[in-house]
Amino acid sequence: MAQFSLNINGKARTVEADPTMPLLWVLRDLLDLTGTKYSCGMGQCGTCTVHLNGAPIRSCMFPISGASNQSITTIEGLSENGDHPLQLAWKEVDVPQCGYCQPGQLMTAAALLKSNPHPSPEEIDANMTGNICRCGTYQRIRTAIQLAAKQGAEK
Amino acid sequence: MSLHPPPLNRRAFLKLSTAASGGLLLGFRWLSAGTTSAASVNFKPNAFLSIAPSGQVTLLSQNPEVGQGIKTAFPMIIGEELDVAWQDVKIEPAPLDTNQYERQVTAGSGAVRSSYSILREAGASARALLVSAAAKEWGVKPATCTTANSTVTHPPTGRTLSYGQLANSASKLPLPASVELKDSSKFTLLGTRVGGTDVPKIVTGEQRYGIDTKKPGMLYGAIVNPPLHGQKLGNVDDTAALKVAGVVKVVSWPDKVAVLATNTYAAFKGQEALKITWQDPKVRESSDRLSQAFADAIANGTGETRRKVGDVERALGQADRVIEATYDVPFLPHAPMEPINMYADVKADSAHLLGPMQTPANGRRIASRILGIPEENITVEITRIGGGFGRRLKIDFVQDAVQASRLAGAPVNIVWKREEDMISGNFRPAGLYHYRAGIDAQGRLTAWHLNSASITSRGAVVPNNFPNGAIPHFQVDTHHIRSEVSTGAWRSPNHNVCALLDESFLEEVGHALGKEPLAFRLELLRQVESAPFGKVDYEPTRLRGVLEAAAEMADWGNPPAGRSHGIAAHYSHHSYVGQVAEVSVTDGNITVHKVYCAVDCGQVINLSSAENQCEGGIVDGIGAAWFGDMPIVEGASANTNFHTYRLIRMSEAPEVVTRFLQTDSPPTGLGEPALPPASAAVANAVFAATGVRIRKLPFIQNDLSA
């Protein structure tokens, strides 16, 4: 066990954990930030995606020891009031069905728009293809990302 | 033919009272099959619509939400008849009470179908009571009053009273002898697009699922299942596991082990440190053995006959030509994104269960049996479900949580690692399907025989669907092969396979006859419409309707350059769906560009949710047929996680265009019906593109490069 100082969603947090514990379980079990979801545990489905210094990572594979003093953003911290352009677009397009994979989809999409504010449909597909949605809401995810990109451009 | 439900005797289904906290309380019985005759004046309400003096409208609902949109659909139905904005109808999940709430099961696409009439009736009756109360207060005729936005208005004088203001006085009036339901042409809410009520919470991560459960004193439990199908638990050496920091206890019961810890990671680490011996079953199961057993059974006879019209053998014997084909279907895991989990808190004489169950009543029953605690002392709460697809109809994981909590003497939230569910889930059954069709000298399709083998008891077939009714000699047979692999319902059970196979073989026959695919189907359907062979329980005109609509949407027969069209239609859960897939095949690789989807599911409730179910069902159906496979090798499931079990990805998902046919029929199922025909339309388009008929699933195992 070791102590780790973390910066999560702009707040300083300290946790006592096994250094090999993936960030996913630190967030979920130790800090009660359950918006980040477990699904495959091997970086294959994207459900657990969070941002480390703004870049998307699979938190199920990322040991807590690597996250010390770095800036971590989870779905709970994507925006202050649930009004990130993607969150607004997700609501307008009515994307989710079961909704379980959607936090991970949103975090991957947010990282994409940050690096590429106007992705083509092909770029969206290529970037999002690591995120599985078992309910098959892909078409709506694609539409919502395009909508958020468009609204971002109009601002 | 009409499938409208019989008219209700309102007094037998509604009961009016004043709520304890004031306001109107309308109790009613959910209408489900077989319950109408049981209704009487002394019936016990099993659901409630309340209007509080604050104006708050609340509906107690019993169906768990798994993403099919009922949390929006129910308020919309109530709101339409009551003239209340749907957002103002609060829906509260009813706690499990099997005496009070019928159909507390999420399956069979039936939540809306079984509730539509009674919800409208309840909404309209409450509205009539509120109007009467206002009219009485004003001394005017009820017919001169109007309602909108939770308010009664008397237009001649401009007076208004809100529903909240009227709720108390309305609760003391007699129930009207009859109320008029809105004509569907007057609907302002039903059929419109409304966003899911939980979406704001989902997009911020605030929405809780079963796996997110956290209670005081709770332990996290990792479950170990037998690694090979049919194995029994031998010896458990937990020495190393107990040394893992955070591991509190290791418990076991027949054929399961649970590692209980203070966090999930410790539980998983403990699981890896266990040394367990397992006892093998007599034979280690394999897909190869099963394939041989299926083929032998089919070769040796007809097994159990599930449908028989005319004399198939005679007609085949007399046929000018016999066309044959065998289709091979693999096992398929459910793989919902939320892994299997369940919370239980077992005490000396009571227990609490909480989790993502599709059949909570069965969960409570098994808990009662395991614990020897009466069902009435076991409380059950259902969480939002991160995908079901049939997996959570089973209660194996409820047993796990109950056993683990009982043995540990602590509340436990168990979770199966992804691998556990892939290794020992309940799969869509594998099967082999042998079709024969007889063509007479005049080129008519006179006989159709499906002889099938699977590991489910009565076969994985849909014996009564089209082209049944169009062919004078028609027979469906099944063989049951026993296996250690456990199987269960997989979204749109049996239909998910049979639509693909029936619609593929139908085209094989049509191709042999030189018939154009759509024209061939319409010709057969005209036969069913005019003079069906045997009993037919689908409406051929509605099936024709969705075929023609899908063809029109796609401009059937004129695909864009370099692409091919394939068509299919299927009837399931009382709904009709026709689809055209637009596909290209390059260097043997399939691209599904677009799917046009025409649906006759009666009255659409929430257009957004309805379209979403179709889009998702199509993606799911195509993905499962294209990539889905679970070979069993030496007793083990060969695919253990998403690195080898391939799910369809965004870049492979087609654009879907959906159209709902305008109809006066009441709403029918939509959680499943768009799935079955999708893979068939794609397979037929692949044939049009390549001349290769796919007879082995998944598609990806077929060489299309020739």
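Here are some notes on this predicted model, taken point by point.

1. **Two domains in chain A.** The domain assignment splits chain A into domain 1, covering 2-77, and domain 2, covering 85-154. Their C-alpha centres are 21 Å apart. Across the boundary, 14 residues of domain 1 of chain A make contact with 12 residues of domain 2 of chain A.

2. **What domain 1 brings to that boundary.** On the side of domain 1 of chain A that touches domain 2 of chain A, strand S3 (49-52) and strand S4 (55-58) each supply at least two residues. The largest share is three residues, and it comes from S3(A). By residue type, this side of domain 1 of chain A holds six nonpolar, seven polar and one charged.

3. **Where the chains meet.** Turning to the pair of chains, 49 residues of chain B are in contact with 49 residues of chain A. On the chain B side, the elements giving two or more residues are helix H4 (199-202), helix H6 (264-273), helix H15 (607-627) and strand S28 (655-660). H15(B) provides the largest share, six residues. The chain B side that touches chain A is made up of 21 nonpolar, 16 polar and 12 charged residues.

4. **Helix H3 of chain A.** This helix runs through residues 102-115, and its length is easy to check: at 1.5 Å a residue, its 14 residues should span 20 Å, and the end C-alpha atoms are indeed 20 Å apart. H3(A) is mostly covered, with 10 of its 14 residues buried. Among the buried ones are Gln102(A), Pro103(A), Leu106(A), Met107(A) and Leu112(A).

5. **Helix H10 of chain B.** The 13 residues of this helix (residues 396-408) reach 18 Å from first C-alpha to last, close to the 18 Å expected at 1.5 Å a residue. Because 10 of those 13 residues are buried, H10(B) is largely enclosed by the rest of the structure. The buried set is not purely greasy in name: it includes Asp400(B), Gln403(B) and Arg406(B) as well as Phe397(B), Val398(B) and Val402(B). Just after the helix comes Gly409(B), with a positive phi near 65°.

6. **Ala430 of chain B.** You will find this residue in the loop between helix H11 (418-424) and strand S20 (431-439) of chain B. Although it sits in a loop, Ala430(B) counts as buried, because it has 29 C-beta neighbours inside 10 Å, and 20 or more is the cut-off for that label. Setting aside neighbours within four places in sequence, Ala430(B) is in contact with Ser287(B), Leu290(B), Val329(B), Pro330(B), Phe331(B), Ser454(B) and Ile455(B). By contrast, Gly79(B) lies 351 residues away along the chain, and its C-alpha is 45 Å from that of Ala430(B).

7. **The nonpolar core.** The largest nonpolar core has 256 residues, and Ala550(B) and Cys597(B) have the most contacts inside it. Helix H2 (residues 111-138) of chain B gives the most to this core, with 13 residues.

8. **A look around Cys597 of chain B.** Which residues does Cys597(B) touch, not counting those up to four places away in sequence? The list is Ala550(B), Val577(B), Gln579(B), Cys614(B), Ile618(B), Val656(B), Val657(B), Thr658(B) and Ala674(B). Ala550(B) therefore appears twice in these notes, as a partner of Cys597(B) and beside Cys597(B) among the residues with the most contacts inside the core, as the term is defined.

Notes. Residues numbered from 1 in each chain as written. Chains lettered and ligands numbered in written order. Predicted model: local features only at pLDDT ≥ 70, side-chain atom pairs only at ≥ 80, totals over all residues. Domains from an automatic or database assignment. Contact = placed C-beta atoms within 7 Å. Helix = DSSP H or I, 4+ residues; strand = E, 2+ residues; numbered from the N terminus. Nonpolar A, V, L, I, M, F, W, Y, C, P; charged D, E, K, R; others polar. Expected span 1.5 Å × (residues − 1). Buried ≥ 20, exposed ≤ 12 C-beta atoms within 10 Å, placed from the backbone. Core = buried A, V, L, I, M, F, W, Y, C linked by C-beta atoms within 7 Å.
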